[in-house]
Amino acid sequence: MTTQTIAVTVNGVRYERSVEPRLLLSDFLRHELSLTGTHVGCEHGICGACTVLLDGLATRSCLCLAMQADGASVETVESLGRVDALHPMQQAFWEKHGLQCGFCTPGMLMCAVELLRANPNPDRDAIVEAIGGNLCRCTGYQNIIAAVERAAELQRTVSEAA
Amino acid sequence: MSTITKSAPIPPSRQREKPGQQLKWIGKNIKRVEDPRLLTGQGRYIDDIDLPNMLHAAVLRSTRAHARIKSIDVTAAAALPGVVKVLTGADIARTTGPLPCFSNPPVEQRCVAVGRVRHVGEAVAVVVAESRYIAEDALDLIAVEYEDLPVMVDPEEAVKATGDGVLHPERGPTNIAIQRRFTFGPVDADFAAAARIVRRKLRWPRSGAQPLETVGAVAEYESGAGKFTIHMNSSMYNYVGWTMALSLGVPAHKINLVPVIAGGSFGSKLFTHKVCVLAASLARICGRPVKYIEDRIDNLTACDNHGSDRIYDAELALDADNRMIGLRCKVLDDYGAYFQYGVGHHGNALSQIVGPYRIRSVDLQVTAVLTNKCQQGAYRGFGSEVANFVIERMVDAAVDELGLDSVEFRRMNFIRREDFPYKIPTGNLYDSGNYAAVLDEALRLLDYEGWRKKQAEYRKQGRYIGIGIATCQERSVFSATEFWMLNEKAGFALTSSPEGVSIKIDPLGKIVVSLNAPFWGNSPETMATMILAEQLKVDPADISVAYSDTDHGLAGTGPGGSRYTVMVAGALVGAAGIIREKLFRVAGHMLEASPGDLELRDGKVGVKGAPGLEKTIAEIAMHAHFFRLSMPDDPTLTSGMDAAYTYDHPLTTLPSDDRSDLGIFYPIMGHMCHMPVVEVDVGTGQVSFLDYVAVHDCGTLVNPMTLAGHVRGGTAQGIGTALYEQYYYDADGQLLTANYADYLMPTLHELPENVRVGHVETPSPYTEYGIKGGGEGGRMGAPPAICSAIEDALRPLGVKVDALPITPRRLRTLIREAQAAVA
Amino acid sequence: MKPARFEYERATDLASALAVLARYGREAKVLAGGQSLIPLLNLRLASAERLIDIGRLDELRYIRLDGNELRIGALTTHNAVLRSTEVAEHCPIMVEAYRLVSHHSVRNRGTIGGNLCHNDPASEMPLVVNLLGATLIARSASGERAISGETFFKGDFETALEPSELLVEIRIPIPVKGHGWSFQEVSQRKGDFALVAAGAMLAIDGGVCRDVRLGFRNVGETIFRLPAVEARLEGQAPSAAVFSAAATAAMNAVAPPSDLHADEAYRRDLVKVLAERVLAAAAARAHH
């Protein structure tokens, strides 16, 4: 079967690869690029664990062909921060115990990051709308909402200081 | 005191660390040690593991519920470019035997079916290929011919089946796997003398854990050494994993099991035998590492962990003073096609079957039936969450029939604070408790009286609001006896459920703790760090945690039955004691002081009462590692600074031979009170939450924040069980909920906005620091609490809830019928 | 669950997309947002020999006011429609319905055209389009045609589009100013497909209901609006009793399917209760 060449910018780095058209974006990121932070929970678009940002929009990567990301920009959890330099969203999830097993977490983080970029002062309804389609089986969600609120607070503090 | 007197005496407590101490770390809400790497996408889950030259497997699954396999044609599949091997069950059976089974007698099971399929989704053939994509293409090219057999879906029909309707004819002429009656205390006399008997038929259908990550394994076989290495996301890889060596036909020292962090388990990854034996078999056959990861369909249809699936006929006897005295249950449990854990789920339930109440006699008739469905396994509660449902529903039924107050009736029937340790009729012990305090805290937190007033106002407005209550037990730290004590013949009558831990202090004074149990979303690294920091008086930042594989580790049972924190605490206290002693010996030489005059303080060892006379742990460790000749000659003082300790169950006894006393098998007893406030839309049958209070008593809390996480997460699962979740099989045995569009789990929209968690701490007299397990959390109490709330809301209509899940359709149907009856 | 193989072509403009469709017809499936198609491909419940990716046809992404019509390009994403001030002002029922459609990240990629062409019997937008009396514009290499909402949706997962046609635009006649509207549904969880969905639009003129539109989704194949019930309400003064009678008539007019989550009796109950609620809400919103 024929492969086609795509060029995708992922976390700021441009990659050119030959892929089968049927290759899912989730598998492209995880196995072609070894960015295993994006997780696959259901592979039919329900759980949201595989959410990344595609041209800045939260997107379920299991519902996207790698071909569809050709020429586009993808951001995954690996772009947010490092253990010694956490993104405010990561810091907030840590403080508020917003994760237990960590499997849904990258998807939650990316949805929440999209939200705060568009709406730095979200109310609870806006947070619920942004992450309400993502499943978490461990936490009961409450601490995740608290974490997003805390992240907004942390970012406000940083921007006020600046 | 309980009325059971003829059992063995209670063993003395081996508690070394008493509760109520001034503690620096234990009891604090420190941020989790596990989180930074998980938050940055650096967590290494099973599908993140790639080995050189690795192949990928995909499984062809039966489309029939019960059939003989007549033929399997793999020619076209094997010819597909990129396919390395296509194997049937018969092929694999040449080198791999039946799977481990913990029931006695066992029910034979294979990782790929041989000769007969017994449920939709059962593995029929396997493809190993260069990619999962190609492997799945090859599945489409395999042709299987089936010869249908009668399908057993209704458990009440399955018990009567004969001939071809029997799933395992080699085991016996019926589908009844076990049928046994257990009587504890004077049941018949209590029922004969009862002033009132309340009767209910209750239905708890199967749901499942649904962790976001499925089960997977990456296996390699090194043919030179004849040795397997299996990376697996199993919870009890260390306790029972070695039994896979029997299936693989190798001695147990020829398999090394490597724990991998898991994305959720809730019991469902307890063993993972099917996936792991399959991956290992394939690795050996293909001569290359093989990865097999269940996709979601694989997991839903053919996991090893559907939940309890029960029909109860329950009777509760009360005396003339409205005290509950006797409980009789007849239960039919639909175990699906295989019988992995026997009726361990019912043994588990017997640990707390009377709930928090002074019921003095119990009669349980258990029938376990096999049907053409996926097998049961472990799911958060392991069967005792169902017992909680039953006893609380019976309590609510009694309250309703007798016209009593649901709060005061419970309070009156509680085991009292002064009664502990309290033996229940089955022989298990409740170590400590203060149920009135938990109830009072829940009433206060909820503002119960306030909500009753609001309810009255809402009723006038035509709104249906209800306040529910459930007061439930949460046993923790199982004894191994529960796995076999209900069998007619014990089989492998194991009695150990240990937990080992080892500690190394390096020459620069930093500490590595090696655990012998995995991470799945519990917080083992945080627990170990906090407890060890407390024990050795060091900074948590100086501790790192590692996980041992089976080649290098100690005995360990793993997380399950809310046991891990209690057990690792015991192991750490033991190991810390050994290391403390060695630190004092070496420091004693360095400080020219007697070890008896030394103490640990703030990362140092120093002379008591002499603030300047001290050495840092780093200095002592360096000395211990490299300066043996600077210390006196003594064969008992060796170089290095490390300790290993294996902790056994702190309080357990054997069952009596006749099983009239099951012994102490699950005594570290937590308790909870859940009080939801719901609104029912009587037009649509939908239920929404207006408030939710959950008060938990898990003894001394190590980290209140993480415990609250389990309470909330468990409550969410309990809400799922109560309102949304079921594995539905149709009359042909087809699973209708075989994807996440049909199997419905609650999202955050469906859950209470704020599950308000309260804590009461009644320490255990038997565990270190008085810690009790709490990981099973809210799922143990939420389902009956929600039933109670819905019935309270619909009291004007007289609707009763006896079956889960209470979907909108089911509830609206009950409401419609009640409205028609009233009209 | 990985998709089976297919050939893939990305259309660079509408004309070339139509040329490809003309050439391949039924062998080709159109990929827009992929939120309906890709799950089916992953589950191997659908297959395609060839996918035509029209996701880059920005010429089909727009929302424009054109005289008395609101025109929405077929590739406009759900979230773009949901957030549009024009849609909020002129077709608020569409915004209200969109809040019930799936989840945020699915709406980021899913398109209104893709959703309508997929025609899942439990999806909301086909009903909204019928309540609004919209016209759907289909184009092929040989020309363009306008298809009424009633005739566009033929059956479960089936539309009137020929294999060589693309849906390019949804044209909505703007409802009269001061009209009332309501869209409600019952689903087991928020964002799920509807067990039953209901929508109503009406104006109140001289104290009576005018231009009444009442419709349901997932109550039987091809049923959307109930003209007989609408006609009964026409000219009646709005009241709970009137709406209750209409709701009973609606309930009796449908023969809903039974499935795992809702049986026929339950769906009838939902038709009745939702009909009452959407009519009451629409009447409350209408300017008298």
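Here are a few friendly questions and answers about this predicted model.

Residues count from 1 along each chain as its sequence is written, with chains lettered from A and ligands numbered from 1 in the order written. Local features need pLDDT of at least 70 and side-chain atom pairs count only at pLDDT 80 or more, while totals for chains, interfaces and linings use all residues.

Me: Which element gives the largest share of the side of domain 1 of chain B that touches domain 2 of chain B?
Reply: Domain 1 covers 35–43 + 498–647 and domain 2 covers 419–477 + 666–822, with bounds from an automatic or database domain assignment. Their contact (C-beta atoms, placed from the backbone, within 7 Å) takes 15 residues from domain 1 and 16 residues from domain 2. Helix H16 (524–536) and helix H17 (564–591) of chain B each give two or more residues to the domain 1 side; helices and strands are DSSP runs (H or I, at least four residues; E, at least two), numbered from the N terminus. The largest share, 6 residues, comes from H17(B).

Me: How far apart are the end C-alpha atoms of helix H21 of chain B?
Reply: The expected span of a helix is 1.5 Å times one less than its number of residues. Helix H21 (residues 808–822) of chain B has 15 residues, so the expected span agrees with the distance in the model, 21 Å.

Me: Which element of chain A gives the largest share of the side that touches chain B?
Reply: Here 42 residues of chain A are in contact with 41 residues of chain B. Helix H2 (88–95), helix H3 (105–118) and helix H5 (142–161) of chain A each supply at least two residues of the chain A side. The largest share, 4 residues, comes from H2(A).

Conventions:
Contact = placed C-beta atoms within 7 Å.
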